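Me: I am new to this structure and would be grateful for a close look at a single part of it. Please take one helix, and then follow its surroundings in a connected account.

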Amino acid sequence: MFSKEESKRLRQDFWTAFGKSYRRKWILYDTKIKGLAFKFHFGLKTARVSMDVDHHDLETRIALWEKLDSLQSILKEQYLPEALFEDCFLLDNQKEISRIYVEKKGVCIHNKDTWRETMQFLDRNMRLFEGFFKEYREILDP
């Protein structure tokens with residue numbers, strides 16, 4: 001069991017090491033499409049790379065989600081076969097978003113033995129998400 005301070009330090013150490021090992025400017029929030037962002041997550045049981053649709057206007061969120069959903073077969077066939085599509089994904093804060101993601105189970109940010117494989121997973125899958133986005137950005141732009 002780790003204290004809050006130890007857990008915080010491990011998280012900082014992981015993300016610092018990831019940034020040093022994979023020097024790259026990720027798109028993340030800089031998609032130029034309001035409400036669309038890419039995210040990394042690494043927790044106690046899983047690592048995840050996601051494309052989140054989180055627009056404050058529900059109609060706009062639905063319209064963007066429908067465009068993404070129409071590209072589902074392309075994303076799965078050419079980029080991320082394991083991608084999961086959830087039109088209603090509930091965040092820990094109870095906010096509802098739409099999310100496309102890939103997940104790696106059996107890894108833990110508190111276990112440094114899983115860091116390398118997690119870094120590789122995050123890098124590989126974010127590159128694939130970004131490649132898809134760059135190719136189909138014009139279709140997604142409102």
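Reply: A residue is called exposed when its relative accessible area is over 50%, and buried when that area is under 20%. With these terms in place, helix H1 may be described; the model is a predicted one.

Helix H1 spans residues 4-21 and so comprises 18 residues. From its first C-alpha to its last, H1 reaches 26 Å, close to the 26 Å expected at 1.5 Å a residue. Its buried residues are Ser7, Leu10, Phe14 and Phe18. These lie on the same side of H1, because they cover an arc of only 65° around the axis. On the other side of the helix, Glu5, Lys8 and Lys20 are exposed. The buried residues of H1 pack against two elements, namely strand E1 (36-42) and helix H4 (115-140).

Helix H4 leads on to a further packing partner, helix H2 (residues 58-70). The axes of H2 and H4 are 11 Å apart, and the two helices pack at an angle of about 130°. H2 is therefore oblique to H4. Their crossing is right-handed. On the H2 side, the contact is made by Leu64, Lys67 and Leu68, while H4 contributes Phe132, Ile139 and Leu140.

Beyond H2 in the numbering, helix H3 covers residues 72-79 and includes Gln72. Gln72 is partly exposed, because its relative accessible area is 23%, which falls between the cut-offs for buried and exposed. Between Gln72 and Gly106 there are 26 Å in space, C-alpha to C-alpha, and the two are 34 residues apart in sequence.

Key:
Residues numbered from 1 in each chain as written. Predicted model: local features only at pLDDT ≥ 70, side-chain atom pairs only at ≥ 80, totals over all residues. Heavy atoms only, no water. Helix = DSSP H or I, 4+ residues; strand = E, 2+ residues; numbered from the N terminus. Expected span 1.5 Å × (residues − 1). Buried < 20%, exposed > 50% of the residue type's maximum accessible area, 1.4 Å probe, protein only. Arc of directions from axis to C-beta. Contact = heavy atoms within 4.5 Å. Axes fitted to C-alpha atoms, helices over the stretch in contact; angles between N-to-C directions. Parallel < 35°, antiparallel > 145°, perpendicular 65-115°, else oblique. Left-handed = near helix turned anticlockwise from the far one by under 90°.
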